[in-house]
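Me: I'm new to this one, so could you pick a single part and take me through it closely? I'd like to know what sits around it as well.

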Amino acid sequence: MPAIVWKGYVSFGLVAFPVRLFAAGRAESIHFHMLHRKDLSRLKEVWYCAKENKRIEKSEIVKGYEAGKDEYIVCRR
């Protein structure tokens, strides 16, 4: 049973309503996966280099900001 954080009344003129405030139950979120409709297997992302037209591994990917046409500032960690 959730714990009551606050108890009180809300009143409108001569009418008062009892109010109880409960703490949130969980701080969770739902995450979905992309699945193949036919056999419900998980899908994988495949990254390709536009210049070389070849598959790129995730370890070779960096983030960058486009400063101009075909000019990027690479973010380093």
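**The hairpin and the pocket beside it**

Reply: Let's begin with strand E5, residues 64–68, which pairs with E6 in the antiparallel sense over four bridges. (Strands are DSSP runs of E with at least two residues, numbered from the N terminus; two of them pair if DSSP finds at least two bridges between them.) Keep in mind that this is a predicted model, where local features need pLDDT of at least 70 and side-chain atom pairs count only at pLDDT 80 or more, while totals for chains, interfaces and linings use all residues. Residues are numbered from 1 along each chain as its sequence is written, and side-chain values use heavy atoms, with hydrogens and water left out.

Within this hairpin, Glu 66 has Tyr 72 of E6 as its bridge partner. Two residues lie between the strands, and Asp 70 takes a positive phi near 60° in this hairpin.

Tyr 72 also leads us to the largest pocket, since Tyr 72 and Val 74 are among the residues that line it. (A pocket is an open set of points on a 1 Å grid over the protein atoms alone, where a 1.4 Å probe fits, with protein on both sides within 12 Å along at least five of seven lines; lining residues have an atom within 4 Å of a point.) Trp 47, Tyr 48 and Cys 49 are in that lining too, and so are Ile 61, Val 62, Lys 63 and Gly 64, to name some of the others. Two elements give two or more residues to it: strand E3 (47–49) and strand E6 (71–74). E3 gives the most, with three residues. Sorted by class, the lining has nine nonpolar, one polar and two charged residues. (Ala, Val, Leu, Ile, Met, Phe, Trp, Tyr, Cys and Pro count as nonpolar, Asp, Glu, Lys and Arg as charged, and the others, Gly among them, as polar.)

What about Cys 49, one of the lining residues? The closest cysteine sulfur to its own is in Cys 75, 18 Å away, so the two are too far apart for a bond. Cys 75 is partly exposed, with a relative accessible area of 48%. The structure holds zero disulfides, a disulfide being a pair of cysteine sulfur atoms within 2.5 Å.

Elsewhere, there is one salt bridge in the structure. Glu 52 forms it with Lys 54, and the closest N and O atoms are 3.5 Å apart. (That takes a side-chain nitrogen of Lys or Arg within 4 Å of a carboxyl oxygen of Asp or Glu.) Glu 52 counts as exposed at 51% relative accessibility, and Lys 54 as partly exposed at 42%. (Exposed means over 50% relative accessible area, buried under 20% and partly exposed in between, with a 1.4 Å probe and protein chains only.)
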